[in-house]
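Hi,

Here is the structure I promised to pass on. Have a look at it first, and my notes on what turned up follow below.

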Amino acid sequence: MPTVEFQYADPAARPGAVVGAVEVVDDRLVTVTSTVVRSEQDAAVELPPGRYFARGWLPAGPQLQAAFEVASAEQTVPLHRCGEPPADRPGAGGWLRLWRHRGRSWSGTVPPELLTADVLVLSTSHGGSLGVQIVDADRRSTITMAPTGVPLRLGGAAGISLLPGVEATLLTYLDRGDLPSARIVASDAMSQAPGPGEPDSSLLDTAVGYYLLRTGNPRADWWISELSWAQPDSVDTTILNAYRLMQIEGMGHESICEELVRAASNGLPVVAEGLRLLISGLVRAGDHQDAPAHVERLRHYAVALAQGPLTAFPGLEPAAPRTGQAIWSGELPVDVLEFDLGAAPEVEPEVEVREEPSAAEPALRAARRLVAAALAQLQSSGLRPGRQRRDVTVDGEELVFEVTPSANAVHFDLELRASPLPAIMGIVVSLQVTAGVHVLESFDETYRCRFTDVPAGAWVFTVRQPLTQPRLDLSAVSLPVLLREPAFAASDVHHSTEILRMVAPGRNTLLVLTFEPPDQYRLEVTQAAGVTVNLVAVEYTERGGATVLRLLPLPPGTGRASGSIDLQDMDIRAPWQVVESLPPEYLTTCSDDEVEASIGATASRAARMAWRSLAGLLSPELQALIEEIR
């Protein structure tokens, strides 16, 4: 069978480092094989002759892909990166302090030497839970729970991060929820080692343990048991072992509680997922005398947690996380290591005209984090059928969650009620009721978010994240995203598959996203018809990273109005949003290119005809384009 060798080079990674994963689909979009991607080292797979498409995602976000045809001979296929990863915040230097957890408190210890100007490795001789505090040139202080035995890079938004490699790749996939890519990396890692405990593999062994536990893999019990012997003092291992014990029939509740309390007493986990698991487990162990105090303390870390796979947070010391920036204002401590990353590159200033950010934006972000933390607490302990009320307090703010049976007695009404907090109004919460079906609601002027007539099931709540630099205003509804692009097997190239079905706040608008082979997404919008044309706006991110705006007119009439629009080159894993109703005059604020692209993307005849009634608002060139619509 012919061999295909995939090639890719990551300039930040050492040769041979695992930096990603790809799957290979055939011309029917059926996955036939998969492989890890190594920097500057070919990844070989065997494929029968035919046409194929390789695609995957780098941990930082950009997509890898390549279309190729296999003949009878061995061949090399370069993988192409679509888009650029988000750039780190440059830093000129600062100082580093190493903290060690001793007993029940943290204390400074002698920092390690740097391997290079921006790379350090913590020795296993340090032992216990370790925190690396980075104070940058602007005196911003970030603390990261650091693993031993792996290279750590200084600089960037989080102060410290893992160098590209198998540990960073697997943990980032898990952090992003990309379990199919994590499976590829974890399977390759387990094929290279018979089990945990190999020299210099402690973080990789831990990452594999988190993957096996999260996916319910049968090997989790054996792997985590062996990990407990290899890393008996690790907080992460203790958390994993507690969850392993939960799966053993007849295991005493007291033994599980003791393991969780032992983990909470020994510092903090290196992996951010471990912190969430620890809080969830301690909530369930509420009858243990020490559990409530640990839960209350650890929730402050959960709220302050920075983005990324490692446990990192703003703070001046590990025992005191902060939800905002932590600015160092004291003298330079004696037990620190100063470092210099070189001056940040000078950039030619650009002349830019923009509105200053609203003073409400930080408050809105804080309110969104508050709701997310409250929902995480609710989901960690679960809900039972029937009428109930749950009170959750986060950072002094109270949220009340009430469930009551609906009038038909088989469904439920749900209500989230917050203490008076103006910034919470308009925040969108998504309730997934079944796979691919979401109901969206937002907090109103009474600080309530209501879901009505919800069927029983495994409810999943999510606070929807807006686009980073949106064109549309706060009236836009942030929509659910997929964790990865789906691959569908279809014998008919015209076959379409429903991906998401969403009910917008107020339940006036139904949105259905379908996949149209070979690589297209189409959005169908249905709502009550108006007396005039209603304009629906969709803002999404392309695979290359650009944000685009598309407009869909729905015709007037009685009953329901419906229309479809193609979302060309849509990145299904990136945030997207919709405004359900805009006046036709909104077209005058859009560029001709945006309107022309929207006309071309309109996929239903009724909506194409609706463009004709809007021609008077447009330029002569666009009017001529509309006249050609049939």
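Helix α4 passes helix α5 in a left-handed crossing. Bear in mind that this is a predicted model, so everything here is computed from it. α4 covers residues 220-230 and α5 covers residues 235-246; their axes come within 9 Å and cross at roughly 140°. Angles over 145 degrees would count as roughly antiparallel, so with this angle α4 is oblique to α5. If you want to find the contact on screen, look for D221, I224, S225, L227 and S228 on the α4 side, which meet T237, L240, N241 and R244 of α5. By type, the residues of this contact divide into three nonpolar, four polar and two charged.

Next, the strands towards the start of the chain. β5 (residues 50-57) and β6 (residues 63-70) run antiparallel and are joined by eight bridges. One pair to look at is Y52, whose bridge partner in β6 is F68. The two strands form a hairpin with five residues between them, and in that hairpin G61 takes a positive phi near 130°. β6 is also joined to β8 (residues 80-82), again in the antiparallel sense, by three bridges. There, L64 stands opposite R81 of β8.

Further along there is an open sheet of four strands, in the order β18-β19-β20-β23, with antiparallel pairing. Which strands stand at its edges? They are β18 (388-394) and β23 (448-455); each has a single partner strand, so one side of each is left without a neighbour in the sheet. On average, neighbouring strands of this sheet are turned by 15° against each other, direction ignored. The partner of β23 is β20 (residues 411-418), and six bridges hold this antiparallel pair. Among the bridged residues, R417 has R448 in β23 as its partner.

Two backbone spots also caught my eye. Most residues other than glycine have a negative phi. Y447 is not a glycine, yet has a positive phi of about 65°. Y447 sits in the loop between β22 (437-442) and β23. D569 is another non-glycine with a positive phi, this time of about 60°, and belongs to the loop between β31 (560-567) and β32 (577-582). Is D569 buried, partly exposed or exposed? The relative accessible area of D569 is 34%, so this residue counts as partly exposed.

Cheers

Notes
Residues are numbered from 1 along each chain as its sequence is written. This is a predicted model: local features need pLDDT of at least 70, side-chain atom pairs count only at pLDDT 80 or more; totals for chains, interfaces and linings use all residues. Side-chain values use heavy atoms; hydrogens and water are left out. Two strands pair if DSSP finds at least two bridges between them. Axes are lines fitted to C-alpha atoms, for helices over the stretch in contact, and angles run from 0 to 180 degrees between N-to-C directions. Angles under 35 degrees count as roughly parallel, over 145 as roughly antiparallel, 65 to 115 as roughly perpendicular and the rest as oblique. A crossing is left-handed if the near helix is turned anticlockwise from the far one by less than a right angle, and right-handed if clockwise. Contact means heavy atoms within 4.5 Å. Ala, Val, Leu, Ile, Met, Phe, Trp, Tyr, Cys and Pro count as nonpolar, Asp, Glu, Lys and Arg as charged, and the others, Gly among them, as polar. Buried means under 20% relative accessible area, exposed over 50%, partly exposed in between (1.4 Å probe, protein chains only).
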